[in-house]
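Biologist: Please give me a close look at the strand pairing and the aromatic contacts in this model. I work with numbers all day, so cut-offs are welcome.

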Amino acid sequence: MLLLGMCISSILSFGQEKFSITGSVFDTNNEPLIGATVIIFPIEKGTVTDIKGDFVISGLLQGNYKIEVSFIGYNTLVDSIIITGDKKYKSQLRLATLSLQEVVVTNNYVETRKKEESLNIEVVNDDYLKQNLGGSLMNSLERLPGVSTIDIGSGQSKPVIRGLGFNRVVVVENNIKHEAQQWGADHGLEIDQYAVDNVEIIKGPASLMYGSDAIGGVIDLKKRRVPVENSFGGVIDISGKTNNNLIGTSISMYSRKKWFYADARLTLLDYGDYKVPTDSVDIYSYRAALHNNYLRNTAGKEQNLHLSFGIIQKRFESRFYISSINSKNGFFANAHGLEPRNIDAELHDKSSRDIQYPYQKLSHFKLSNTSTYRWENLKVESNLGFQRNFRQEWSQYVNHGYMPAVFPDTLSFPSDLERQFDKYVYSANLKLFYYLNERAQLDVGINGEFQDNRIDGRGFIIPAYKQFNIGGFALGKYSVSRESIIQLGIRYDYGAINSSEYNDWFPSPIDESADSSTEYLMRADELDRHFSNFSWSLGYNYNPGKWSHKVNIGKSFRMPIAKELAANGVNYHRFSYEVGNPDLSPEISWQFDLGTEYSTKRFAIGVSPFINYFSNYIYLNPSSEHDRLYGNGNQVYYYTESKVLRYGAELHTHYELFKFLQLGIIGEYVCSEQLSGEKQGYTLPFSPPPSAIFNIKYQKQNLQFIENAYLSFDFKVTAPQNNIVPPEEKTAGYQLINVGIGGDISLKNRKFNITAQVQNLLNTKYFDHTSYYRLINVPEPGRNFILNISIPFSGTIN
């Protein structure tokens, strides 16, 4: 608090009077242009127009500026303005020959990006993230149509796009593919959501630009744009949540002097066990009582540090990003290992903030560079990256199967180290963007990545492995007319994976006979597999007036991962024994996407259906077998492949009832069916049920002393999920009410942004079919009040 007080005091001492520019953008028929880009130079501060064609850019110091207004299919307008106070500006754009120029994702929802991309996408900014702040970045995004999560407690989750997750969705941060242990159901995504300014979500196969793992989609995370010359500033974020008593802060600072800039951020989070609206949970045949509704041992801590710096020249830019994500969080004590009954409840229930066994510690270090060279018709971009993901699972040693009763002291790892994964990743991308003329653009590139994943600890699930991937692509775009764009791309991928042999550290009998000899059983043989494939994509966009249409057809490819090929061990988090298949083929996917949207000043509606066919979808198939060597007879699951047909759609619509009141609906539906194999006729595991959000939002630009005030109500309806694949259980439907309120408050010429939420307002007990904890009948978190206060500050350097 002393540090915070000193920061605020120093910030206020640097306060300078700032102004805003408000305006509107119309075409020659005086129709508003929705999604027109407006940028102020030289500070490069921008926004896009809303459904009325209006825009607001605030935080401008007194001085001379240039304003640039652009919209696809129209001539760009550049004008000079003088800011001496708050200013109003109206502009009118004229139709022009369409020019395929580079799209810059600003800090706002970019309609232009949607009109140029033949796949269905969503783009959100940091305002959206703060207004929908969840336990993790992925939780903050799951309100978007077609996006859901597989959750592992209150602070960890995996992204799911249209029912596909794990290694079928690529996460990109600062142009480098984020690599962690995403193969595991209990492994979250090591991303600091406070350090993300914009998120672009591509729904559907995006392997062409991002590589083979993007067979289900892409989540592209982008950070703050480069600061203005001779400026400094930052933001102090303070957050709190009542359900798990989270307290946290994230402080960022930036500065730029001429051609050099630097940006730093520190995030600290501390949270306790989270609450569920029940006093007990049924874990298979055992009922575990919960003390004061707390899910014991789900507390955690997180410390993150980010640094970026770079060189900005007229034709050359080079930006470096360094981040270190560190966390320690507990596993639900009654749901880890093979003895849910043998838990010291008194020890765990003494405090809701301590972290006892079992728990995990992880650190993710990332260093990357993005350099850009610009000429008149050519742009060259290079991306280099290094990552190290270090993860340990700790639990008290208990001998299972034929493990010795007393842990030997001759081994290289401690007895309580259950598992350790140490992953090194080296990445490199090179992309060329060539503008042939006003109508045509050609993009070519090459991506390469090398992974070295090492293991340790007493438990085994996957072997150590090394993996190499390289791919090249070419993408052409051509504007057939001022209203339509056609895109065609092709890609070639090559991948190789080599996994190491692994033997148990303890002897086991070869068979069940009384006089059987013992040996150190081989759990994984050495494996060397190579894969290659061609992918392609063809898309078309047509944007006549108030309508926007898009269609895309393509083929994608994904090579199997080490777990699918060589797993052979107990998954303590789901009481299963998982076995890989070294003969698996790479997944091949064919997808057909459609999208259409109609938008006027007060009304908009859009629908995006899709059909997806896998010739060999890889998944875990439960068998009637039970293992005899490593525990209490866990059910054996085998990785297998099946032909799968998937189809579904997303719907969004909103209507402006009054200038200050908006009604909206967001809906999604996904259906999957296995067309071959043992589970023919069944769906796929973790298939999300149909759902819809009915929203009513009140917003006013000026409400007494509050600017940009809003009050939002969400009523979410989720259908029952009766279409399951054994041993999944059917999940009942549910209804939730979420409330959000916030706005900007000025105090002594300093603006504070305050956002508040109430999630699960009625403290409803419900189960999420895509949650990992659904397998052991743990309901989702109860009522949660969330508060976030953002304190921005800025100034100039003489």
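Modeller: Happy to; I'll begin with a run of paired strands and then turn to the rings.

This is a predicted model, so local features need pLDDT of at least 70 and side-chain atom pairs count only at pLDDT 80 or more, while totals for chains, interfaces and linings use all residues. Residues are numbered from 1 along each chain as its sequence is written, and side-chain values use heavy atoms, with hydrogens and water left out.

Let's start at strand 24, residues 417–435 (strands are DSSP runs of E, at least two residues, numbered from the N terminus). Of its 19 residues, 14 are buried (under 20% relative accessible area, 1.4 Å probe, protein chains only), which leaves strand 24 mostly covered. Strand 23, residues 378–394, runs antiparallel to strand 24 and is joined to it by 17 bridges (DSSP must find at least two for strands to pair). In that pairing, W394 stands opposite L417. Strand 25, residues 440–456, is also antiparallel to strand 24, with 16 bridges between them. There V425 faces Q451, and the two strands make a hairpin with 4 residues in between.

Now for the rings. F365, F386, Y424, Y426 and F450 belong to one aromatic cluster. The structure holds 24 aromatic pairs (ring centres of Phe, Tyr or Trp, with the six-membered ring used for Trp, within 6.5 Å; planes under 30 degrees apart are stacked, over 60 edge-to-face, the rest tilted). One of them is W547 with Y598: the centres lie 4.8 Å apart and the planes meet at 50°, so this pair is tilted. The pair ties together distant parts of the chain, since W547 is in strand 33 (residues 547–558) and Y598 in strand 36 (residues 587–599), 51 residues apart. W547 is partly exposed (between the buried limit and 50%, over which a residue is exposed) because its relative accessibility is 41%. Y598, at 24%, also counts as partly exposed.

Charges meet rings too. The charged end of R774 sits over the ring of F767, 4.9 Å from its centre (CZ of Arg or NZ of Lys within 6 Å of the centre and 35 degrees of the ring normal). Likewise, K90 places its charged end over the ring of F26, at 5.1 Å from the centre.
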